[in-house]
Amino acid sequence: MPNDSSNFVVGVCTRQRGPSSFVEVRAQSLEGTITDISSSSHKLFGNNGEVEVRLARPAIKVGDWVLARPTLEGPPKRQRYVASSGRRLLPFEDLSGLYAPEAARRLLVETGRQDGFAGDKVFRIGAPSIIEVRMSISSDGRSRIGQPDDLTALPMWPYHPERRIQLPTEAGLVDLYARDAGAVQSGVVNWCSDVEFLRHVISSFVDEKADDGILKQAAVLLSGSVELLESKLSEAERLDPRVGQEIMRSRRLSDLLKSRDDMLKDFMNVLRSDPEIKAQLAERTEQLAKEAAEVRGEAMLRDRTAALEADLQERRARGQTELEETLRDIEAAEFAAMTTRLDAARETALADITGKKAELEQEVAALTDRQAEAAAQIEAETVRVAETQARLADLESDLAGRKDEIDRIIRMETLLQDRGPTLAKEAKPRVPGFRAANVPAKPIAVKDLASWVDGSNVLTASGKTQCVRALTEILAGGLPVLNGDRSDDFIAVIAECVGGGRYVSFDCDPAVITFDDLWVRPGSGSATALGDALAECDGKEAVRLCVVRNVDRAAAHLWLDTLADKLRRREIPDNMLLCLTVAGAPGDALSEILKRLPSIDTAGSMEKAAAIAAFSRRSDEGFERQIDLSTLERLSASDTVNAAAKLMLADVDVGFAYADWFERLVSLAKALLKDEADDFILASAKRRFPTFQGGAPSNGKPGLRVIESGGASNA
């Protein structure tokens with residue numbers, strides 16, 4: 001908003017925080033025109049239509065009207081409206097149109113107002129003057145001046161029309177006034193109540209230091225007041241409002257004395273203190289008392305009796321008439337209201353019945369259409385079932401032929417095994433997909449893996465969590481399945497962390513049928529990439545990260561259970577780390593097997609600029625690490641027992657055969673996952689133990705997948 005004197009916003013302070021106040025905008029002034037924007041302020045200023053006013057406390061409180069000139073501050077897309085300061089606006093009312101300031105004083109001090117307003121307010125009591133007071137609610141429900149307490153010298157301030165703001169709202173115009181804190185006081189006015197004024201007059205009579213009698217003092221005081229009023233009247237051609245105020249107040253003193261017994265009593269006590277008046281009052285009182293006692297007694301009795309009888313008859317007649325009229329009015333009103341309600345209820349019921357009839361007709365039409373669609377769908381499904389049955393018969397015939405072909409491959413494999421394996425020549429090149437890991441990489445302790453992952457600049461927050469979980473599964477002898485479109489990038493990060501930046505890749509094909517096919521190629525007898533990695537890890541300190549890719553392309557998948565079981569039994573060396581990937585959506589049989597294995601979702605795990613972050617590394621930076629498994633600190637027996645006890649409470653029993661694997665899992669989870677270790681251990685145990693209770697996994701060859709290539713694999 002431009003910083004111009006005619007451009008500002010006006011609103012109400014709704015909350016405060018620190019030295020700042022937050023103002024909900026109600027109106028806006030542009031080029032001198034004030035517009036109500038209470039219904040659209042959230043669109044213009046955002047943040048629920050609020051602007052922040054700094055350095056506003058303690059001058060501004062919650063509920064006050066505030067004038068501010070906000071500007072946009074903050075970075076792009078997070079800009080908000082902020083005003084360096086704000087001015088408090090007070091409710092304003094113009095009483096200068098009354099006939100005299102005394103009328104304004106009577107309204108605000110004596111009579112009171114019925115508007116129920118309480119709080120600070122500015123009143124204009126004359127053409128050039130205003131006053132600022134705090135209104136409060138009296139015991140009779142009327143609003144009167146509550147502060148300042150001393151109204152004998154109420155300050156007056158100069159009135160400036162340009163500081164008056166008329167705010168348009170849905171309920172009408174709201175008058176506000178911005179009083180200048182640096183304005184010079186223009187004068188004072190005596191607005192004390194009539195009671196206080198009369199107390200001052202009476203107290204002036206009681207002057208113990210005077211030598212004259214009390215009556216002489218009263219005469220001197222009254223004559224002085226009269227002379228003062230006459231001199232003021234002679235000095236001006238027209239009546240001064242202040243002189244008129246004193247005259248009007250003097251005229252009400254007698255009425256006030258009559259209505260206030262305590263003041264009358266004080267005034268009479270002053271008069272009785274004079275000896276002459278005291279003697280005259282005693283003599284006259286005794287005489288009048290005797291004469292008036294008899295006369296007044298009889299007159300009062302007679303008048304009171306007649307008045308009571310007349311009043312009783314009048315009230316009885318008036319009450320009877322009012323009761324009859326009230327009953328007639330109530331009867332007519334109730335009859336009319338009942339007739340109106342019956343007519344409205346009848347029209348509503350007819351409208352509801354008509355609407356429900358239309359809805360029922362629409363539903364009947366819709367049901368008819370749905371019945372026709374259902375009949376068409378049934379007919380189409382019948383045709384589809386017939387086609388499916390014919391296709392199933394063709395598949396069964398084709399499966400029989402494929403089975404014969406697989407049997408032939410098995411017989412060929414047996415024949416080749418009887419002849420003995422053909423040793424690979426020394427000069428034979430390494431199998432593609434094997435990336436040697438014996439590179440100079442710094443060792444990393446198990447306890448430092450989590451901090452290494454947390455410091456990676458290529459993983460997202462969710463990717464770091466998934467990476468730590470994957471490392472825990474792999475190092476504990478698990479067989480995690482990596483899913484998602486960033487599996488290759490995720491494997492590369494794990495290889496940097498534990499494998500020295502290298503890993504062994506083995507791609508499954510239809511020739512992979514049994515567990516042995518992972519290590520030795522059928523027919524040739526030569527070692528696969530996994531077989532070479534196993535030979536390098538056996539009895540050595542080398543660490544090899546191995547990835548079995550595209551397991552869904554293998555002809556059979558029961559070897560997955562065998563591989564997972566041998567990892568848990570530690571029949572495969574601990575320094576050979578294994579994980580799996582899938583090429584597409586797995587079938588039903590493979591899905592059941594994969595449910596028993598941990599799953600890691602790599603979607604969203606990598607930063608969009610991961611490649612740029614990798615390229616930006618310095619050439620002398622070595623991020624590759626090779627895990628040092630000897631740094632794994634085993635937990636105490638009591639910690640392992642506590643972990644097993646928690647599983648038993650969750651109805652999960654740890655088998656004796658997997659005690660060694662379970663101890664390793666708990667140690668790794670506590671070292672890497674910290675507070676999330678218990679949930680991780682429970683999920684792993686629930687996923688694995690029920691699967692293998694009752695017998696060891698089979699190493700047979702059922703569940704073969706049909707080879708779509710039309711012949712045996714020559715892998």
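This section describes the overall composition of a predicted model and then selected strands, helices and residues within the model.

The predicted structure comprises 18 helices and 22 strands. Of its 715 residues, 33% are classed as buried. When contacts between residues at least 6 apart in sequence are considered, 72% of them link residues at least 24 apart.

Toward the start of the chain, strand β2 (residues 20–30) pairs with several other strands, among them β1, β3 and β4. Strands of a sheet pair through backbone hydrogen bonds, in either a parallel or an antiparallel arrangement. Strand β1 (residues 8–17) runs antiparallel to β2, and the pairing extends over 9 bridges. Within this pairing, Val10 has Ala27 of β2 as its bridge partner. The two strands β1 and β2 constitute a hairpin in which 2 residues lie between them. In that turn, Gly18 adopts a positive phi of about 65 degrees.

A second hairpin is formed by β2 and β3, again with 2 residues between the strands. Glu31, located in this turn, has a positive phi of about 55 degrees. Strand β3 (residues 33–36) is antiparallel to β2 and is joined to β2 by 4 bridges; Ser29 is matched there with Ile34 of β3. Strand β4 (residues 50–53) likewise pairs with β2 in the antiparallel sense, over 4 bridges, and Glu52 of β4 is the bridge partner of Phe22. Of the 11 residues of β2, 8 are buried, and the strand is therefore largely enclosed by the rest of the structure.

Further along the chain, Asp175 is situated in strand β14 (residues 172–177). Its relative accessibility is 19%, and because the limit for a buried residue is under 20%, Asp175 falls within the buried class. The side chain of Asp175 forms a polar contact of 3.3 Å with the side chain of Gln166. Beyond residues up to four places away in sequence, Asp175 touches Leu90, Pro91 and Phe92, together with Arg164, Ile165 and Gln166.

An open sheet of 5 strands is also present, with the order β18-β19-β20-β17-β21 and parallel pairing. Its edges are occupied by β18 (504–507) and β21 (599–601), each of which pairs on one side only. From one strand to the next, the twist averages 25 degrees. Within this sheet, strand β19 (residues 544–549) runs parallel to strand β20 (residues 576–581), and 5 bridges join the two. Cys546 has Leu578 in β20 as its bridge partner. Helix α11 (residues 487–498) lies across β17 (481–483), β19, β20 and β21, and is directed at about 165 degrees to β19.

The edge strand β18 contains Ser505. With a relative accessibility of 12%, Ser505 counts as buried. The side chain of Ser505 also makes a polar contact, at 2.9 Å, with the side chain of Arg549.

Leu449 is located in helix α9 (residues 449–454). The relative accessible area of this residue is 0%, so Leu449 is buried. Cys497 stands 48 residues away from Leu449 along the chain, yet the C-alpha atoms of the two residues are separated by 7.4 Å. Cys497 is also one of the residues in contact with Leu449 when neighbours within four places in sequence are left aside. The other partners are Ile444, Leu471, Leu475, Val498, Ile627 and Leu672.

Two further helices, α16 (residues 637–649) and α17 (residues 659–672), pack against one another. In general, two packed helices are described by the angle between their axes and the distance between the axes. The axes of α16 and α17 come within 10 Å and cross at roughly 100 degrees; the two helices are therefore roughly perpendicular to each other. On the α16 side, the contact involves Thr640, Ala643, Ala644 and Leu647, while α17 contributes Phe662, Glu663 and Val666. By residue class, the contact of α16 with α17 is made up of 5 nonpolar, 1 polar and 1 charged residue.

Key: Residues are numbered from 1 along each chain as its sequence is written. This is a predicted model: local features need pLDDT of at least 70, side-chain atom pairs count only at pLDDT 80 or more; totals for chains, interfaces and linings use all residues. Side-chain values use heavy atoms; hydrogens and water are left out. Axes are lines fitted to C-alpha atoms, for helices over the stretch in contact, and angles run from 0 to 180 degrees between N-to-C directions. Angles under 35 degrees count as roughly parallel, over 145 as roughly antiparallel, 65 to 115 as roughly perpendicular and the rest as oblique. Contact means heavy atoms within 4.5 Å. Ala, Val, Leu, Ile, Met, Phe, Trp, Tyr, Cys and Pro count as nonpolar, Asp, Glu, Lys and Arg as charged, and the others, Gly among them, as polar. Two strands pair if DSSP finds at least two bridges between them. Buried means under 20% relative accessible area, exposed over 50%, partly exposed in between (1.4 Å probe, protein chains only). A polar contact is a pair of N or O atoms within 3.5 Å; within protein, one must be able to donate a hydrogen and the other to accept it, and residues adjacent in sequence count only if both atoms are side-chain atoms.
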